[in-house]
Amino acid sequence: MYKISLLYISLLCSIISIAQTRDVGVWTGFKISQPIDKKMEISLSEGLRFDNNISNVANVFTQSKSNYENAKGLNFGVAYRWSRKESWVNDIDFENRYQFDVSYMLKFNDLKIKNRARFQSKYTDYYNSEYGFIPNNTL
């Protein structure tokens with residue numbers, strides 16, 4: 001009964017929600033992960049994000065991540081992401097992002113509750129100026 005009521009609530013929320021745009025966008029990706037030992041895992045993921053009714057590749061990213069489970073339910077992670085992103089003026093930006101995660105998961109029978117804190121920072125490539133143009137004079 002509990003699962004059926006959750007299903008009805010989620011269907012009701014999806015029916016009454018309003019989309020932000022009429023554009024169709026698709027996010028695709030895949031992930032390869034390998035456990036190192038019982039507590040540590042490394043992964044590599046690749047992603048594509050399309051916009052303009054799936055006619056334009058808006059973002060391509062590659063992310064490498066390492067997770068460590070310290071105690072039951074407590075996880076630590078560090079990741080690096082390189083991305084190629086198209087801006088709204090058709091400039092291409094290359095971004096680098098690193099992030100640190102701490103998460104804790106509680107389990108109650110079939111219900112799982114996860115709380116995550118993340119610190120992340122990103123920086124763009126050094127060939128771009130602050131306005132997004134490539135400098136004319138380089139050494």
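In what order do the elements of the protein run from the N terminus on? The order is α-β-β-β-β-β-β. That comes to one helix and six strands. The model is a predicted one.

Some overall figures come next. The protein has 139 residues, and buried residues make up 18% of them. The accessible surface is about 11600 Å². Carbon and sulfur atoms account for 60% of that surface. Among contacts with a separation of 6 or more, 33% join residues 24 or more positions apart.

Now turn to the surface. A nonpolar patch of about 810 Å² is found there. Its members are Val78, Tyr80, Trp82, Ile92, Phe94, Tyr98, Phe100, Phe119 and Tyr123. Which strands each supply at least two of these residues? They are β4 (74-86), β5 and β6 (111-124). Strand β5 gives the most, with four residues. This strand covers residues 92-108.

Two patch members in β5 can be looked at one by one. Isoleucine 92 has its place in this strand. Its relative accessible area is 35%, so isoleucine 92 is partly exposed. Phenylalanine 100 also lies in β5. At 41% relative accessibility, phenylalanine 100 counts as partly exposed. Both residues belong to the nonpolar patch.

What does phenylalanine 100 touch, beyond its neighbours within four places in sequence? The list is Gly77, Val78, Ala117, Arg118 and Phe119. Two of these partners, Val78 and Phe119, are themselves members of the patch. For alanine 117, a distance can be given. Alanine 117 and phenylalanine 100 are 17 residues apart in sequence, and their C-alpha atoms are 8.4 Å apart in space.

Step back by one position to glutamine 99. This residue, too, is found in strand β5. Is glutamine 99 buried or exposed? Its relative accessibility is 3%, so glutamine 99 counts as buried. The cut-off for buried is under 20% relative accessible area. Phenylalanine 100, at 41%, is partly exposed.

The contacts of glutamine 99 complete the picture. Leaving aside neighbours within four places in sequence, glutamine 99 is in contact with Gln63, Gly77, Val78, Ala79, Arg118, Phe119 and Gln120. Gly77, Val78, Arg118 and Phe119 are also listed as contacts of phenylalanine 100. Of the partners of glutamine 99, Val78 and Phe119 also belong to the nonpolar patch.

Note on methods:
Residues are numbered from 1 along each chain as its sequence is written. This is a predicted model: local features need pLDDT of at least 70, side-chain atom pairs count only at pLDDT 80 or more; totals for chains, interfaces and linings use all residues. Side-chain values use heavy atoms; hydrogens and water are left out. Helices (H or I, at least four residues) and strands (E, at least two) are DSSP runs, numbered from the N terminus. Buried means under 20% relative accessible area, exposed over 50%, partly exposed in between (1.4 Å probe, protein chains only). Contact means heavy atoms within 4.5 Å. Patches are made of residues with over 30% relative accessible area and no salt bridge: like charges are joined within 9 Å, nonpolar side chains (Val, Leu, Ile, Met, Phe, Trp, Tyr) within 5 Å. Accessible areas come from the Shrake-Rupley method with a 1.4 Å probe; for residues, only the protein chains shown count as cover. A salt bridge is a side-chain nitrogen of Lys or Arg within 4 Å of a carboxyl oxygen of Asp or Glu.
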